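Biologist: Hi! I'd like to go through this model with you, one topic at a time. Could you start with the words I'll need?

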There are 2 protein chains.
Amino acid sequence: MRSFAIVLLLALTAEQAPAAKPKTPTEIVAAAPASAWKTIPAEDLLVMQLANGARVIIQLAPQFAPVHVANIRALSRASWWDKAAIYRVQDNYVVQWGKNESEDPLPPGVVATPPAEYHRKLRGLKVHPLGYPDAYAPRAGYALGWPVAYDPKRGTANLAHCYSYVGVGRSLSPDTGTGGELYAVIGHSPRHLDRNIAVVGRVVSGIESLSSLPRGTEALGFYKERSQDVPIAWVRLASAFPAAERPSFQYLDTNSASFAAYVRARANRKDDFFIRPAGGVDLCNAPVPVRPTPAG
Amino acid sequence: MRSFAIVLLLALTAEQAPAAKPKTPTEIVAAAPASAWKTIPAEDLLVMQLANGARVIIQLAPQFAPVHVANIRALSRASWWDKAAIYRVQDNYVVQWGKNESEDPLPPGVVATPPAEYHRKLRGLKVHPLGYPDAYAPRAGYALGWPVAYDPKRGTANLAHCYSYVGVGRSLSPDTGTGGELYAVIGHSPRHLDRNIAVVGRVVSGIESLSSLPRGTEALGFYKERSQDVPIAWVRLASAFPAAERPSFQYLDTNSASFAAYVRARANRKDDFFIRPAGGVDLCNAPVPVRPTPAG
C-alpha cells in the first residue's frame, strides 16, 4: 500500500519542487541542542522497584507541592513503601499504591496533614503558553518543565492531571493526604481532579509496567483479594544510589526554542501519514519530552 | 480520615440547612428513564472473542463511516478475523489487530479502498453542544449517541478519537484502509488523528482486556516475536448469534434531558470528594453512557 504514496511524491517532484519537508515532533526533539535539556536533580527522582522486577521512575515536582514532596522524600528514606503494594488498578483512570489505609505510624519528619498544595501562585512562573483553548482553565501552558493550567485573574497555576502524572491519594477534605498513598494516571487525562488533589510528579520511566497491570474488579478498581496485590520491593530516591548506579534523566526546557517548535509541530502534524493537521493540541497531548541523560 | 468530613457536615447542618445534595453523574445516569436509553441494533455490535477467553464488544458507527462499517460486517461474515491476532500494543496510544499486512484476498463485497470517511456533513445531525472549548475543532458536542467535533463554517462533523474508540488502520493516503486492520485507543485521547482516519466505533465492553495487554517493545508498540501475538478466536456480529445468546447494549440518548444533566454534572463535580468543580469538561472526559440492555 505504501507504493501509492511513493508514486504521489514522485509526481509532485516532477512538476514542482515541494517545500522542505517539515520536521516531525520526534525529529525536533532529537535535534534539540544539549543546552535545551535540563538534568533532573537526584533528589527529585523516586525509584520504585516492584517485586516482579519492573522498575518505575518518578520525577517529583517540589516547585508545585513542596510539603508533599518533602513527605515523599522522608517516607522513602524511612523505607516506608518497602513491602507496600499496588492495590488498585482502575481502567482508564489510575493505578494506586501504598499501604491501603493501614494504621502504621508515620516516620519522623512526615507532616500528617500538609497544606492543600493543589495550586500555587502564578507569579514567579515563566509560562510558555500552549496557545490553544483548554476546557478546564482560562489558560494552559508549560512552566519549569511541567504542564500547567492557570488563571491570570486569580493569579494561580496548577499542575495538570495528564497521562502518567502522579497524585496523592487522600480522604475527604480537609485531609490532603500524606503522600504515603500515591497514584499514577493510566487513561484519558482526568483533568477534573486538577485543583482538588496534590499532583506531585510524573512517571518518566516504566509507566507501561503500571498501565498493563490487570484491572481490579471491585468498585473503583480495587483488587478483590490481597493476594492480587502487586508487591513493591522498595522505593528510593536516586540520590540514595551509589553514583555509578544512579539513574539520571533530563527534560526539555519548556522555555527553549526547541520546545516551542515541538509544541507547534504537535499541533500541526505534517508527517506523511497526516492529511489534515489539527491546528491545535491539548495540554496533555504535547507531553514534555524526557530522556535518559546521555552518557559522557 | 473520613471523620473530618462528617464533623464538618454536622457543623453545617447545625447552622444552616445545606442545599439539596447535587446528584453525581453516576446517579443521574442511574435515574435516567427507560425512554432515554436507545438499544444498539444487533447489526451494529461486533463481538471479538480472544483465544484467552476474554471478550471485547464494539459498537459500530454506520452513521459516520458507512462503507467501512459495511466492510467490517462483510469481513466478520466471511470469518476474516478467525485466527487473526492482536500484534501491536503501544502504551498511551493503541491496541491493533488484524492480519498484519498479509496478502490474503479480500472476501467478496469488501471495498478495497473505501472513500475517506474521516468526517461527514454536519447537516442532518442534531448536536447537543458540549458547551466548553475544544483544542481540536471550533465546536464539540454529541450527536446520534457519539462524541463529535464539528465546524459550522465548513459544515462538517467527525467522530472524536476518545478512549476506547476504534479506528481503521491504513497505509499512507490515498489508502483509507479496508477495515481489516482495526485499533482501539488505550491512552490519552489522540485527537490529532481526528479527520485523518476513519473512526468506526467504540468498545462498549471489555476494553480492559485490551488496555492491560503487555506493551510491544518494537517501534510503534509492535510485538517483536509472532509468538507474542494475542490470538483472536473469532469475530461475529451480534446479529449472527442465536437470540438467546445475543449480547445487547443501550446508550444514553445524547439529546435526552438526562444526558444534558450528566454532562453538566461531569463539568461541575460536586461529590463530597471535590473541593473545586472544574467548571468545564473535555469531550472525551464525558463519555456517552452505555449499559447492557436490562432484562425483561
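Modeller: Happy to! Contact means that heavy atoms lie within 4.5 Å. This is a predicted model, where local features need pLDDT of at least 70, side-chain atom pairs count only at pLDDT 80 or more, and totals for chains, interfaces and linings use all residues. Residues are numbered from 1 along each chain as its sequence is written, chains are lettered from A and ligands numbered from 1 in the order in which they are written, and side-chain values use heavy atoms, with hydrogens and water left out.

Biologist: Thanks! Which surface do the copies meet through?

Modeller: The copies meet through the same surface, because 100% of the interface residues of chain A are also interface residues in chain B.

Biologist: And what turn lays chain A on chain B?

Modeller: A turn of 180 degrees, with a shift of 0.0 Å along the axis, lays chain A on chain B with an RMSD of 0.0 Å. The two copies are therefore related as by a two-fold rotation axis. For that comparison, copies are superposed by least squares on the C-alpha atoms of residues with pLDDT of at least 70 in both.

Biologist: New topic: how many salt bridges does the structure hold over all chains?

Modeller: There are 22 over all chains. A salt bridge here is a side-chain nitrogen of Lys or Arg within 4 Å of a carboxyl oxygen of Asp or Glu.

Biologist: Why can side chains pair like that?

Modeller: Side chains of opposite charge can pair when their charged atoms come close.

Biologist: Can you show me one in chain A?

Modeller: Sure, Arg73(A) and Glu43(A) form a salt bridge, at 3.9 Å from N to O. This pair links distant parts of the chain, 30 residues apart: Arg73(A) sits in helix H3 (residues 66-77), and Glu43(A) in the loop between strand E1 (37-39) and strand E2 (45-50). Helices (H or I, at least four residues) and strands (E, at least two) are DSSP runs, numbered from the N terminus.

Biologist: Is Arg73(A) buried or exposed?

Modeller: Arg73(A) counts as buried, at 16% relative accessibility, while Glu43(A) counts as partly exposed at 30%. Buried means under 20% relative accessible area, exposed over 50%, and partly exposed in between (1.4 Å probe, protein chains only).

Biologist: What about chain B?

Modeller: In chain B, Glu43(B) and Arg73(B) meet in a salt bridge at 3.9 Å, N to O. Glu43(B) is partly exposed at 29%, and Arg73(B) is buried at 17%. Back in chain A, salt bridges that share partners join Glu43(A), Asp44(A), Arg73(A) and Arg77(A) into one network.

Biologist: Got another pair for me?

Modeller: Yes, Arg226(A) and Asp229(A) are joined by a salt bridge of 2.8 Å, N to O. Arg226(A) is partly exposed at 45%, whereas Asp229(A) is buried at 17%.

Biologist: Let's turn to the backbone. Where is the cis peptide bond in chain A?

Modeller: The cis bond joins Ser173(A) and Pro174(A), with omega about 10 degrees. Pro174(A) lies in the loop between strand E11 (165-168) and strand E12 (182-185). In chain B, the bond from Ser173(B) to Pro174(B) is cis, with omega near 15 degrees.

Biologist: And which phi does Lys83(B) have?

Modeller: Lys83(B) has a positive phi of about 70 degrees, although it is not a glycine. Lys83(B) is in the loop between helix H3 (66-77) and strand E4 (85-89) of chain B, and counts as exposed at 78% relative accessibility.
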